[in-house]
Amino acid sequence: MRAIGLYEFGGPDVLRVVDLPEPHAGPGEVRVRVRAAAVNPADTLLRSGVHARAFAGVPAPYVPGMDIAGVIDEIGPGAETELSPGEPVMAMVMPLGPAAGGYAEYVVLPAGWVVRAPAGTDHAAAATLPMNGLTAQLTLDRLALAPGSVLAVIGAAGTLGGYLVQLGRHAGLTVVADAAPADEPLVRLSGAADVVPRGSDVAARIRDRYPDGVAAIADTALVGPRLLGAVRDGGTYARFRSSGEPGAHEVDGNGRITVRTPFVPDYAGRTDKLHQIRRLAEDGVLTPRIAATLPAAEAPDAHRRLEAGGLRGRLVLTF
């Protein structure tokens with residue numbers, strides 16, 4: 001089968017079209033004929049070698065990709081699934097595990113990792129939902145904020161930030177978001193009750209609006225510790241990349257703010273959560289945003305565009 005992989009870690013140009021043995025569904029598994037795979041920051045980290053140690057002893061090529069959409073085309077013996085061949089589906093893939101990543105014509109997964117795509121959603125849009133939707137839902141589940149609490153979302157114009165704004169509003173939270181002037185209408189449309197200008201002093205701007213501090217802040221833009229000043233005593237700071245242990249639960253240096261690192265593999269195989277994301281998309285709570293679709297062979301260009309920044313939606317590779 002055709003896939004997009006790499007034989008050495010490095011810049012976008014290490015990505016190339018590769019031929020791999022066609023996988024088939026084994027016991028308890030299903031095979032997805034991939035039609036679309038979203039391009040995520042996690043894919044660029046894999047490609048650049050941030051996770052190189054996880055591939056020690058694993059022969060190349062390595063295939064990135066955590067989000068796929070397509071159709072079921074094989075169901076393995078004993079697979080417990082309500083899906084039938086030909087049904088449109090979506091799934092989150094774990095490239096660091098035994099399955100290849102999502103940049104491939106076929107992906108085999110445990111049956112419980114795959115659900116129907118939202119009704120009325122095409123393959124490209126469905127491919128933007130699983131990993132980012134699950135990350136946003138996991139974040140809110142870990143924060144466990146009471147309705148009416150104030151949640152600040154940094155990077156709210158991005159895909160993950162936008163999903164957090166939408167899910168936060170749906171959960172009854174008061175969402176304050178940062179945005180550049182050109183992005184403010186988009187962020188408000190997503191459900192932000194309050195918008196502050198983005199920039200190096202965003203924490204001070206949030207404190208000006210909420211003198212006691214916000215209950216929690218989700219740092220999808222990876223701004224870092226200077227955001228802690230916006231959080232009230234006893235509040236929570238959620239970060240989305242860490243050199244420490246996945247899912248670490250810490251406190252800041254003053255012992256007054258909890259620091260959490262939502263780790264989306266915690267929701268790998270959580271059929272219930274993936275069904276929840278599907279229903280929220282069908283109900284219009286979650287709105288997929290596509291920056292552009294590109295043929296899979298143009299994956300190097302997609303990675304360059306993602307790393308250049310400024311996208312308002314996901315790039316999607318099509319197969």
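Helices H3 and H4 lie oblique to each other in this predicted model, since their axes, which come within 9 Å, cross at roughly 50°, and an angle counts as oblique when it falls outside the ranges for roughly parallel, antiparallel or perpendicular, the last of which is 65 to 115 degrees. Beyond this helix pair, the points below turn to a cis peptide bond and to positive phi values at alanine 144 and leucine 222.

**The H3 and H4 pair**
- H3 covers residues 130-143 and H4 covers residues 159-170, and the crossing in which H3 passes H4 is right-handed.
- On the H3 side the contact involves Asn132, Gly133, Thr135, Ala136, Gln137, Thr139 and Leu140, which meet Thr159, Leu160, Tyr163, Leu164, Leu167 and Gly168 of H4.
- Sorted by class, the residues in this contact of H3 with H4 are six nonpolar and seven polar, with no charged residues.

**A cis peptide bond**
- The peptide bond that runs from alanine 60 to proline 61 is cis, and its omega is near 10°.
- Proline 61 belongs to the loop that lies between helix H1 (41-48) and strand S4 (67-75).

**Positive phi outside glycine**
- Alanine 144, a residue other than glycine, has a positive phi near 50°, and it is placed in the loop between H3 and strand S8 (150-154).
- The relative accessibility of alanine 144 is 61%, so this residue counts as exposed.
- Leucine 222, also not a glycine, has a positive phi near 60°, and its place is the loop between strand S11 (214-219) and strand S12 (231-239).
- With a relative accessibility of 39%, leucine 222 counts as partly exposed.

Methods:
Residues numbered from 1 in each chain as written. Predicted model: local features only at pLDDT ≥ 70, side-chain atom pairs only at ≥ 80, totals over all residues. Heavy atoms only, no water. Axes fitted to C-alpha atoms, helices over the stretch in contact; angles between N-to-C directions. Helix = DSSP H or I, 4+ residues; strand = E, 2+ residues; numbered from the N terminus. Parallel < 35°, antiparallel > 145°, perpendicular 65-115°, else oblique. Left-handed = near helix turned anticlockwise from the far one by under 90°. Contact = heavy atoms within 4.5 Å. Nonpolar A, V, L, I, M, F, W, Y, C, P; charged D, E, K, R; others polar. Buried < 20%, exposed > 50% of the residue type's maximum accessible area, 1.4 Å probe, protein only.
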